[in-house]
Each structure stands twice: as C-alpha cells, then as structure tokens.
Amino acid sequence: MRRLIRFGLWTLGLVALAIGVTSAIGIETKGARPGYVDAVQLALPAVVNISATRIVETRTSPFANEWYWRYFRQHGQMERRVENSLGSGVIASADGYVVTNHHVVGGALEILVELSDRREFEAEVALVDRRYDLAVLKLRDAPALPILELRNSDTLQIGELVLAVGNPFGIGQTVSSGIISGFYALRSYFVQTDAPIYSGNSGGALIDTDGRLVGINTMLQIDNEGLRGIGFAIPSNLVEVFVEQARMGAARFKTPWAGIDAVGVDRELAQDLGLERPTGVVIRSMHRMSPLAEAGMRVGDVVVAMDGIAIHTPAELRYRMAIGRPGDASRLSTVRDGRPLSFDATLKLAPETPPRDTATVGDRGVLRGLMVSNINPAVIVEHELPVNASGVVLAGVPESLARIGFRRGDILLRINGRAIGKPDDVLELAGRRIRDWEIVVGRNGMQHLYRFRT
C-alpha cells in the first residue's frame, strides 16, 4: 500500500512538472494562446506599409560600364529618373504621426501609407535625419490610430527574445523572431539582433514578448566589417526623442552638444593612461564653450560612464547625449591621472555664438551661387566639422562648382593665396575679374587644392 501511495505521488509530481514545462516553453494549454500571438496582435495594427516616389539624378556616359568610369563619375550628363522605394513604418501617435527610416522616404516627392486594414493615406515628411536614419511622417486626414507602448531600450538585455514586425512590399505583415545578440556601436548605436530583417521590413517594429516597442528596424550595409545575418534596430529611447521633436514642429533634429572629440581606449592607450584595462573614451580635444568644459572636465579625461551607464565608444557617448534633452543634468564618471572623478553637466544645444553670418555670391564670376557661412558650434554640428573648426564653410555648392569637386561642408581656407576668415572675404574676391583661380579647402582633416581657368 505504501509503495502504491508513493508511486501515485510520484506520478502526480511528473504530471505537474509536465504542465509547468509546457506552459514555460509556450506549448498551447487549455485557456492559453500559443507562442507570442498576444504580443504580435498588439503590434500588427500599428505597423504600416510605406511606398515613396522620388526623383534621382545620376550621371550617364557611354563609358559607364567600363572599369575606369568610377574615377570619372563627377563628369558626364545628368539624367533624372523616377525611383520607387518600399518599406515599413510604425504609428507613433494616435493623431497620425508615423516613424520610419530616412532611407525609405528621404527625398520623396509622394508618400503613401497603407494601414494593416488596407486603408491608405497620403503623408508628408515632418522631420528627417540622415545621420540617425530616422524619419517621421504626418498622415493627412487620419482618424484616431492604434499605437504601441514604448519600452525603455536601456532595460534590454543580451539573450532576450524579440520579434521583428514589418509590412513589406504591400503583400501583408510578416513576423520573425530572434534574440538581442548585442549592442552595436561603431558609426552609430543600435540594438543588434539575429531576428531576420528583410529590406521591406526597414522602418518596422522590433518588439519584446509583451508587445512593447524596443526599436525601429533598419537595414545597414556593413560588408566591410563582415557582419552578415545580423539585424539592427534604432533604440526606442532615441525614437521617442525624435518623434517628440517632430510633433513640436522642429525643422531639424537637434541633440544636446558635447563639444568634444573623443576616441575609444584600446589596450595600448589604456597602458599610456595608466588604466588597469581598456575602458571608456578619452577626450583629445574640446571646444571652449563645451558644456563638459563648463562642468570642469578637460582634455585627457577618460569618460567611463554617463548617468551610471557604461561608455565604451564615442558612438555610445553621442547616443547618450542624443537621447537627453536640453536643460537636463547628467553625471559623467571619468578617470583623470588614474583617479576616478564625477562631473555634473547641464545639457545644451550647440550655441549660435558668434551669430551665424551666411552670404551667397551673386550672379557674377565663377563662384556665383556659392553659399558660405562663418563657423560657430551650431554650424560645426550641422556640417559635422572638427570640434575646433573655425573660419568659413561652404554651406551650399552650385552644380557648376560641384562638378569641379567642391562639397557642402568643405572649409574654405584660401583663395588665390589669400586666407579666408569671414564670408565677406569670399564676396570681395568673387567680385574681382580673375582668370586663373587657386582655391584650397579642408575636408576630413586633409587639404584639397583646386586650380581652374575661366
């Protein structure tokens, strides 16, 4: 009898264990929905299909298929053609704002958004930023729309299961699953996942198993780093700030300014700095108006954390600044001469100090149509110039000078041997009758010399 009782209790234990296991791994049990149906059903109504039409200008030549053509692409006849792009998007607010990727809608003339229930709405771009590959659209005459709850992307952990939801090519919605495989920070900062993200899924939602938005899927071409079979998403914390600015009517996406140039600390640099191990980023130059300088930091300091979150690369520091808001107080943990220090910095936008002075060369001479501006911190950020750049920048380049090789964002150093310090210097020289020109510009830390005759 005792053996029968023990056998019965042992059997009941196995049954209870089996029920617990099936529930844990998501096998359907009575009264429960299988897999991640609930999470997906929350996401599907908020994920849309986007089709965009743009005009693309390309240079054509009978030699375009020859191997040497790549060295002469700046020459040739300009040809315009219509290009269509397809992608996904996520409804960001009930009043008709949709977030997607810049590469889906950037430069688009017409944009059409199709909801999950097949309703279609025309849309216009409210805010777009190439650097972060983000865009916000505003639907015209849209009713109240379903949205996704945002999750703080800083709470994501490696190994956590996520789902990529898209609406590619207008064929219907798709879902793929994977895990958070890392956080990628080289050119920018992304949530990295092995969930397949196909081209048409760009701009779609990356959600957790509770159906909350943790990122906007994006497609990256990173062949040089050899990263294949890996998906990337823009973190929801950055998406939240971006959408917030779009709804406030911002013309450009503006982020708090660090006013520094920093590099990651590798093993060799860690030894030179007296660090026990490679960690953080070291400040190698700093603008005199930097909020970090105002807080007491200086060149040579190693920034190891911001608001308690570790910093490993310059991209991570830029991201931490980007998700902040002007006026916020942030604590930066640093190492100086081997000693740990903390500084409280008040975040601010890059100032327009001295005031921006922009001038355009009039309808005269070879430089006609060239737009130039003096350089201040706001201009440095806008044109992605070195942190201590000064002088005059090319703010707009006409086609005639673009064919020669000038680019927007070039720093104008000298014209015919004369140093350029302010926009008026350019206007004065442009008005002279000069046949032979010699212009030197700075670009990416290098000087480029252009000689031509009119």
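Student: Before we look at the barrel, when do two strands count as a pair?
Tutor: Happy to start there, and keep in mind that this is a predicted model. The test rests on bridges that DSSP finds between two strands, and the number needed is at least two.

Student: In what order do the 6 strands close into a barrel?
Tutor: The pairing in this barrel is antiparallel. Neighbouring strands of the sheet are turned by 45° against each other on average, direction ignored. Going round the barrel, the order is β7-β8-β9-β12-β11-β10.

Student: How many bridges join β11 to β12?
Tutor: Strand β11 covers residues 213-218 and strand β12 covers residues 231-235. The two run antiparallel, and the bridges that join them number 4.

Student: Which residue of β12 stands opposite I216?
Tutor: Let's stay with β11 and β12, which run antiparallel. Opposite I216, in β12, stands I234.

Student: Which helix lies across β11 and β12?
Tutor: Look at residues 236-247, which form a helix running at about 50° to β12. That helix is α4.

Student: Which strands does helix α7 touch?
Tutor: Helix α7 spans residues 314-322 and packs on the sheet. Its direction makes about 110° with that of β9. The strands touched by α7 are β8, β9 and β12.

Student: Now the pockets: which element gives the most to the lining of the largest pocket?
Tutor: This pocket holds about 1200 Å³ of space. Its lining has 36 residues, and the closest to the centre are R131, Y132, R187, R318 and E384. Elements that each supply at least two lining residues are α3, β9, β13, α7 and α8. The one that gives the most, with 6 residues, is α7.

Student: How many residues in the lining of the largest pocket are nonpolar, polar and charged?
Tutor: The residues to sort here are the 36 that line the pocket. By class, they come to 22 nonpolar, 6 polar and 8 charged.

Student: Which element supplies the largest share of the lining of the second largest pocket?
Tutor: About 870 Å³ of space lies in this pocket. Of its 25 lining residues, the closest to the centre are R130, E382, H383, E384 and R408. Two or more lining residues come from each of β5, α8, β22 and β24. The largest share, 3 residues, comes from α8.

Student: And how many residues in the lining of the second largest pocket are charged?
Tutor: The lining divides into three classes, with 9 nonpolar and 6 polar residues among them. The number of charged residues is 10.

Definitions and conventions. Residues are numbered from 1 along each chain as its sequence is written. This is a predicted model: local features need pLDDT of at least 70, side-chain atom pairs count only at pLDDT 80 or more; totals for chains, interfaces and linings use all residues. Side-chain values use heavy atoms; hydrogens and water are left out. Axes are lines fitted to C-alpha atoms, for helices over the stretch in contact, and angles run from 0 to 180 degrees between N-to-C directions. Contact means heavy atoms within 4.5 Å. On a 1 Å grid over the protein atoms alone, a cavity is a set of points where a 1.4 Å probe fits but cannot get out, and a pocket is an open set with protein on both sides within 12 Å along at least five of seven lines; lining residues have an atom within 4 Å of a point. Grid points are joined across faces, edges and corners, and a volume is the space filled by probe spheres set on the points. Ala, Val, Leu, Ile, Met, Phe, Trp, Tyr, Cys and Pro count as nonpolar, Asp, Glu, Lys and Arg as charged, and the others, Gly among them, as polar.
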